[in-house]
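Please look at the sequence and the structure shown here, and then read the report that follows.

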Amino acid sequence: MRIRIVDAFTDRPFAGNPAGVLLLDTSASFPDDAWLQNVALEVNHAETAFAHPLPEGGEADWALRWFTPAAEVAMCGHATLATAHVLATTGAVQGPVRFATRSGVLIATPGDDGSITLDFPTAPLTAVETPAGVAEALGAEPLTTQDTGPNIGDLLVELADEKTVLGLNPDTVALGRYSERGIIATARAEDPSRGYDFVSRCFFPNIGIDEDPVTGSAHTALAPFWSERLGRTELTGLQASARSGRVRTELRGERTLLSGRAVTVIEGDLLV
């Protein structure tokens, strides 16, 4: 089987968020979960995506699952983008592809400009009191805090400004106490003329990722949060990690569109 490393939400190598992508050569079922987890641990990126084709005539074309080095996750945007990129660039699929996942059917549509748009469920945001200890663990005082619902499993915390988000040096172990997956920290862009409307950073210690480079799933929460505040349904987010990446978002009620590019950087054979 061919295995690939794809940098997602970027148009150049060594940026964005790297994901392993393995297209399985069976349409019957996924291999044993322990084998999938071991492969993801060996790849050792934020997520590794496993996909196999489904019989024609169903509601989806491919089955898709995502594993971090430590656990399976319910939703992953960048690894879905990476998988759609591999299907498109290898000729395995032409046009939109429908993925059957733990988060329902997710659709990826290639654009004429080389980008891919993902159709994901919008995260249901609920304002909550900031838990005691979050500010200390994060190293900054949240202005507001939102629960992002079961698919995401994060706390979304709004901070004072972009500079505060960029300067975070959190205690990631401590952050793991306050949500299922971790913390999304965000603020309004200081200068929207730079081409983005908000910034974010994502810390997910509970699934083995201290800081995720670019998180598609987080933008299903960031899109409704900032669309309400900025009065626009179409926005661009900058995830300001060391690798960095941009995600274009379009809020469509219960669905959120996430758009970006991807680049294959490594391709080889899986021998086990």
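Which residue follows helix 1, and what is the sign of its phi? Helix 1 is followed by N44, which has a positive phi, near 60°. Helices (H or I, at least four residues) and strands (E, at least two) are DSSP runs, numbered from the N terminus. The model is predicted, so that local features need pLDDT of at least 70 and side-chain atom pairs count only at pLDDT 80 or more, whereas totals for chains, interfaces and linings use all residues. Residues are numbered from 1 along each chain as its sequence is written, and side-chain values use heavy atoms, with hydrogens and water left out.

**Helix 1**

In helix 1 (residues 33-43), L36, Q37, V39, A40 and V43 are buried, where buried means under 20% relative accessible area, exposed over 50% and partly exposed in between (1.4 Å probe, protein chains only). The face turned away from the buried side of helix 1 carries the exposed residues N38 and E42.

**Salt bridges**

The structure holds 16 salt bridges, each being a side-chain nitrogen of Lys or Arg within 4 Å of a carboxyl oxygen of Asp or Glu. The table lists some of them, including the distance between the closest N and O atoms.

| Pair | Closest N and O atoms |
|---|---|
| D7 and R243 | 3.1 Å |
| D61 and R98 | 2.8 Å |
| R255 and D119 | 2.7 Å |

R255 lies in strand 17 (residues 255-260) and D119 in strand 8 (residues 116-121), so this pair ties together parts that are 136 residues apart in sequence. D7 is buried, with a relative accessible area of 2%, whereas R243 is partly exposed at 27% relative accessibility.
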